[in-house]
Amino acid sequence: MKRINARQCGVLIVMCIFANKILLLPSLMFEKTSADSIFVLITLFLLDLAILPIFIKLKELYPDKKFYDILKEKLGIIITKIIYFALLFFFFFKCLLVFSITYVYFKQQIYQDEFIFMALIAFLPVINHAVLSGVRAFSRTIEMFFGIVIAGFIVCLVISLFTPISSPYFFVTSGKDFFLSLYDHIFAFGDFIILFLIMDKIELKKEQTKQLFLYSIFGIVLVVILFYLFYAKYQITAFMHNNALADLLVFSVQFNAIGRLDIIAMLTIMFITLFQMEIFNYAFCDCFVNIFPLLNKNYSIVVFDIVFCISYYVFIGKYETMVTSTLFWLPYLAIIINYVLPIIVLVIIGIVRRKIEKKDKNIN
């Protein structure tokens, strides 16, 4: 079986960390918790980061086994399929949210008009091909462009330093609003859940686990810096600016004789969005194939494309509807996937380790 290495796994983690956090989220969080949203962000990241050791322990116990098979063995096929249905919806709406936010950004910045048909033609064949090629193929592609994407991201952050900024105002939010904000924006997180679905495709030696933490912390630090600079630039009007990474370049799009620099943000956002949709589409199709083993990957891609288009046109055609969904009913799904599922895995790890220790004692 072709597997991905620790570096490629780390690259996938960083792309997931960026998902749904670098455009709209800073503006949404500011409405309730102002600049204290940075502390909300850090808290949610720490909760996410706690999932990584759970994954590593599970990987050590089952280095070659699929996550689906582990759950089926320990929980039974019915509960396992219920969990995978929840994962399927989770990653589908992740992908849909990424597309919706980026689509509105490009519509505002470039086309100034609806271009949904063109966008679907541009995105769907690429992410479908990534699923057919497999996780190793598209992870190597992401690895190849990773340096360019990170360079573009950092350039956007650096350029913002040449615009008027000042330290944002902190500690102005009540405890109630802080915890409500934690709940409202929980769906934008769960960045390490994808690792469980592809655990059998990851080649991870014990000494390489440190790389996963380094990549994770690197991605988190970049997002935190983005939030800080965004709130430093828009201390009062942050809620009006829905494209954080791109809006950092406002008032600095002309730089000497170089011309417009906002193209850097556009290209960076385009690559990040494409890679994120590949990851989430792959996760959806993996869940689909495990739920319906008689149907292969081709069927899962067709189902994804049809449901994606129908959902966008019929249910989520309005941008406000998608955003509202992430704040009201999608957090329920996120709680199950982001926290309940890792706790279940942690219990499984504890039971298995206890059995191993008991067996070792009996042998001795």
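**Exercise 1. Work out how helix 3 and helix 11 are oriented towards each other, and which residues make the contact.**

*Solution.* Step 1: find the two helices in this predicted model. Helix 3 covers residues 37-49, and helix 11 covers residues 209-233.

Step 2: get the geometry. Two packed helices are described by the angle between their axes and the distance between the axes. Here the angle is about 170 degrees and the axes lie 10 Å apart.

Step 3: put a word to the angle. Anything over 145 degrees counts as roughly antiparallel, so helix 3 and helix 11 are roughly antiparallel to each other.

Step 4: look at who touches whom. From helix 3 come S37, I38, L41, I42, F45 and L49, and they meet S216, I220, V223, V224, F227, Y228 and Y231 of helix 11. Sort this contact by class and you get 11 nonpolar residues, 2 polar ones and no charged ones.

**Exercise 2. Now do the same for helix 1 and helix 13.**

*Solution.* Step 1: helix 13 spans residues 262-291, and it packs with helix 1 at about 105 degrees, with the axes 9 Å apart.

Step 2: angles from 65 to 115 degrees count as roughly perpendicular, so that's the label for helix 1 and helix 13.

Step 3: on the helix 1 side, grab L12, M15, C16 and F18; they meet I272, F275, Q276, I279 and F280 in helix 13. By class, this contact has 8 nonpolar, 1 polar and no charged residues.

**Exercise 3. Find where the two partners of the K21 and D191 salt bridge lie, and say what the pair ties together.**

*Solution.* Step 1: start with the idea. Side chains of opposite charge can pair when their charged atoms come close.

Step 2: check the distance. A salt bridge needs nitrogen and oxygen within 4 Å, and the side chains of K21 and D191 meet at 2.8 Å, N to O.

Step 3: place the partners. K21 sits in the loop between helix 1 (6-18) and helix 2 (25-33), while D191 sits in the loop between helix 9 (175-184) and helix 10 (193-197), so the pair ties together parts that are 170 residues apart in sequence.

Step 4: for the whole model, the count is 8 salt bridges.

**Exercise 4. Which helix gives the most to the nonpolar surface patch?**

*Solution.* Step 1: list the members. F117, I121, V302, I306, V307, I310, Y313 and V314 make a patch of about 810 Å².

Step 2: match them to elements. Helix 7 (116-133) and helix 14 (297-315) each give two or more residues; V314, for one, is found in helix 14.

Step 3: pick the winner. Helix 14 gives the most, with 6 residues.

Terms used. Residues numbered from 1 in each chain as written. Predicted model: local features only at pLDDT ≥ 70, side-chain atom pairs only at ≥ 80, totals over all residues. Heavy atoms only, no water. Axes fitted to C-alpha atoms, helices over the stretch in contact; angles between N-to-C directions. Helix = DSSP H or I, 4+ residues; strand = E, 2+ residues; numbered from the N terminus. Parallel < 35°, antiparallel > 145°, perpendicular 65-115°, else oblique. Contact = heavy atoms within 4.5 Å. Nonpolar A, V, L, I, M, F, W, Y, C, P; charged D, E, K, R; others polar. Patch = residues over 30% accessible without salt bridge, like charges linked within 9 Å, V, L, I, M, F, W, Y side chains within 5 Å. Areas by Shrake-Rupley, 256 points an atom, 1.4 Å probe, with all protein chains shown as cover.
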